[in-house]
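Q: I would like a close look at one part of this model, with the details of the strand pairing set out carefully and then placed among the other features.

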Amino acid sequence: MAHGTPPTQLTNPLMRWVEHRMPVFAFMDQHLNKYPTPRNLNYFWNFGSLAGIILVIMIVTGIFLAMNYTAHTDYAFNSVERIMREVNYGWLIRYIHMNGASMFFIVVYIHIFRGLYYGSYKSPRELLWILGVVIFVLMMATAFMGYVLPWGQMSFWGATVITNLFSAIPVIGPEIVVWMWGGFSVDNPTLNRFFALHFLLPFVIVGVVILHLVALHTHGSNNPLGIDKKGPQDAIPFHPYYTVKDMFGFAVFFVFFAAFVFFAPNYLGHPDNYIPANPLVTPAHIVPEWYFLPFYAILRAVPDKLGGVALMFGAIAVLAVAPWLDTSKVRSAAFRPVYKILFWVFAVCCVVLGWVGAMPAEGIYLTIARIASAYYFIHFLVILPILGKVERTLPLPTSISAAVLKQGSGMVAGAPAEKP
Amino acid sequence: MAQHGGHQPNHGAEGETRRDFLYLAAGGMGAVGVAAAAWPFLRSWSPAADTLALASTEVDIASIREGQAVTVTWRGKPVFVRHRTADEIKQAADTPLNQLPDPQPDARRSAAGKPQWLIVVGVCTHLGCVPQGQRPSETRGEFGGWFCPCHGSHYDTSGRIRRGPAPKNLEVPPVTFLTDTSIRIG
Ligand code: HEM
Ligand code: FES
């Protein structure tokens, strides 16, 4: 990456030698130290770095699980039980991995809603947003395939139902499903390829995260006011201000995470997954992991197979095009009084979808699921385009510093490069 | 593609079309090469030879009494063998085809000349769950056949979809009667 700063003044000869051949220190200085960041970021801006640390935790725990896991239908379930009972600290590594997947989704969902609230997806950050949606889709694929690996009842039937979604594709659908299975049902070939892909995809996610960060550092972070930085007085250097704040966020988050790992490790899971897979008996109520429930509710809300599958995938696709559906020039909901309310209505709608997704698909639940699914799409396809045109937004502050320091002039604490 | 310098004026225009052609041809060859190289990898996901060769299943049906049903495995999937009662047969045969989402007469689904035997693949055509209704303790749904609890599909006594999200009737596998009391599936 080209940047105009002169190389850092290095005294250590080894560092100078490296720097001359590959300017890593200048790069780190630019992106982790000096990197000018809006001075007014709130705690919702912690969730990106939180997602990053969980990705690292998932990869580390995953690799150690893989050292004891056997990807064969006859042994998979027992190999996971062996990890739990015989391998030293195997229970810990597995519980971190298992709950880490849930933590990952909690953090990423907050991260996404943060973006929706503060309009972070708007120009010039559309590509950054789309890369985020790509990461989200890859995460879902990874978590889905990981859940198949322990080969319990939910693993097997979740895999069966989800792979069967593709049979809804006209004409070639059924053949695609047989191709994905490598047989005539979910079986050993399926388990094997899912393991290989579950191992691979997190590293693909790392790659897309890097692109996500390149896009981020091109225009810098959005902020709670949703207005651009107008000068140095609007920014503070990343280090120490946000490095410290991110570390603090990690500490708080790890307490939350550890509470699940040590005190309720199976709370977010389904007990049926401790029953070995039985291809002849479907559990009476199959539910996906909680993080898929809103999408599952949309799938079941539609009485038509192809329609249900199309809307379920559409629910994710519509996120990717949100930058073009939202016609408002104002980013932050702080200055959009109507959007601010409708944002929360939408958030509640998503929670309702998650709730009905866990309920049997009949009676009142089905009705609620249909209304909520319809509203989900109305929010994106009707409200966002029209609201941007008709809403009377509040006057924007002249600059970030003007708004947060009340007066943009005078003594500016923590001006760039001024470390305390 | 504007090229600057290095070209003789006379050959400029011609050179550019030739160059464009070479780009296209090379790019096209490259694309074909990539597709050809990808094919073996994509095909490696299709069922392997030994999976395809999975033997057919033979079932002794002598012990299945009227009104009873058994589940057997064929190609890793459950197959429902049901010995239907006269009532169930009549129900299936009397249903007008225009009431069916996937119209098929019962006679084309039950065993030829032996309407008491209905043999269907026990995989819901919605998203692949195993419907309930084989055991006496399980619900058979509103049409007396099977009920899929996953997303609520009801099948009738001919294994035809009547209500719910499933688009098709339960699949009828190839069945041969070896004797009156033994069948081969597949
Ligand atoms: C994006 C990051 C990842 C996510 C979201 C994820 C998710 C999951 C989930 C949900 C499970 C099922 C847990 C259970 O119920 O037991 C699982 C299992 C597993 N994962 Fe991951 N995983 C990730 C990264 C990795 C990596 C990088 C590896 C290996 C290199 C790995 C190896 C395994 C293994 C061996 C299992 C089976 C053992 C078990 O079930 O606990 N995972 N994963
Ligand atoms: S799988 Fe049977 S109704 Fe969905």
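In E3(B), which residue is the bridge partner of B:Thr73?

A: In this predicted model, the bridge partner of B:Thr73 in E3(B) is B:Pro78. A second pairing in E3(B) can be named as well, since B:Thr71 has B:Phe80 as its bridge partner there. Both belong to the pairing of E2(B) with strand E3, residues 77-83 of chain B, which is antiparallel and extends over six bridges. The two strands form a hairpin with two residues between them, and in the turn B:Arg75 has a positive phi of about 50 degrees. As general background, the strands of a sheet pair through backbone hydrogen bonds, in either a parallel or an antiparallel sense.

The hairpin is part of an open sheet of three strands in chain B, ordered E2-E3-E4 and paired in the antiparallel sense. Strand E2 (69-74) and strand E4 (117-121) of chain B stand at the edges, and because each has a single partner strand, one side of each is left without a neighbour in the sheet. Averaged over this sheet and with direction ignored, neighbouring strands are turned by 20 degrees against each other.

Chain B holds another open sheet of three strands, with the order E5-E6-E7 and antiparallel pairing. Its edge strands are strand E5 (144-148) and strand E7 (161-163) of chain B, each of which pairs on one side only. Here the average turn between neighbouring strands, again with direction ignored, is 35 degrees. E5(B) runs antiparallel to strand E6, residues 153-156 of chain B, and is joined to E6(B) by four bridges. Within that pairing, B:Ser153 in E6(B) is the bridge partner of B:Cys148.

Turning to the rest of chain B, helix H3 (residues 86-94) has B:Glu88, B:Ile89 and B:Ala92 as buried residues. These three lie on the same side of H3(B), because they cover an arc of only 100 degrees around the axis. On the other side of H3(B), B:Ala86, B:Asp87 and B:Lys90 are exposed. Strand E1 of chain B, residues 57-60, contains B:Thr57. With a relative accessibility of 17%, B:Thr57 counts as buried, because the cut-off for that class is under 20%. Although B:Thr57 and B:Ile183 are 126 residues apart along the chain, their C-alpha atoms are separated by 8.4 Å. For the chain as a whole, the domain assignment gives domain 1 (13-46) and domain 2 (51-185), and the C-alpha centres of these two domains of chain B lie 50 Å apart.

Chain A can be set beside this, starting with the metal site. The iron atom of ligand 1 has two protein donors, the NE2 atoms of A:His97 and A:His198, which lie 1.9 Å from the iron. The pair links distant parts of the chain, with A:His97 in helix H5 (residues 90-118) and A:His198 in helix H9 (residues 188-219) of chain A, 101 residues apart. Both A:His97 and A:His198 are buried. The site of this iron atom is octahedral, with angles of 87 to 178 degrees among its six donor atoms. For comparison, the ideal angles for six octahedral donors are 90 or 180 degrees.

The backbone of chain A also has some local features that deserve a careful look. A:Ser123 and A:Pro124 are joined by a cis peptide bond with omega of about 5 degrees, and A:Pro124 is placed in the loop between H5 and helix H6 (126-148) of chain A. A cis peptide bond also joins A:His239 and A:Pro240, where omega is about 5 degrees, but A:Pro240 lies in helix H10, residues 238-263 of chain A. A:Tyr89, a residue other than glycine, has a positive phi near 60 degrees. This residue, A:Tyr89, sits in the loop between helix H4 (76-85) and H5 of chain A, and A:Tyr89 is exposed, with a relative accessible area of 57%. A:Val171, likewise not a glycine, has a positive phi near 65 degrees. A:Val171 belongs to the loop between helix H7 (153-164) and helix H8 (173-181) of chain A, and with a relative accessible area of 80%, A:Val171 is exposed.

Technical notes:
Residues numbered from 1 in each chain as written. Chains lettered and ligands numbered in written order. Predicted model: local features only at pLDDT ≥ 70, side-chain atom pairs only at ≥ 80, totals over all residues. Heavy atoms only, no water. Donors = N, O, S within 2.8 Å, 3.2 Å for Na, K, Ca; no water. Tetrahedral: all angles 85-135°; square planar, octahedral: opposite > 155°, others 65-115°. Buried < 20%, exposed > 50% of the residue type's maximum accessible area, 1.4 Å probe, protein only. Domains from an automatic or database assignment. Pairing = 2+ DSSP bridges. Axes fitted to C-alpha atoms, helices over the stretch in contact; angles between N-to-C directions. Arc of directions from axis to C-beta.
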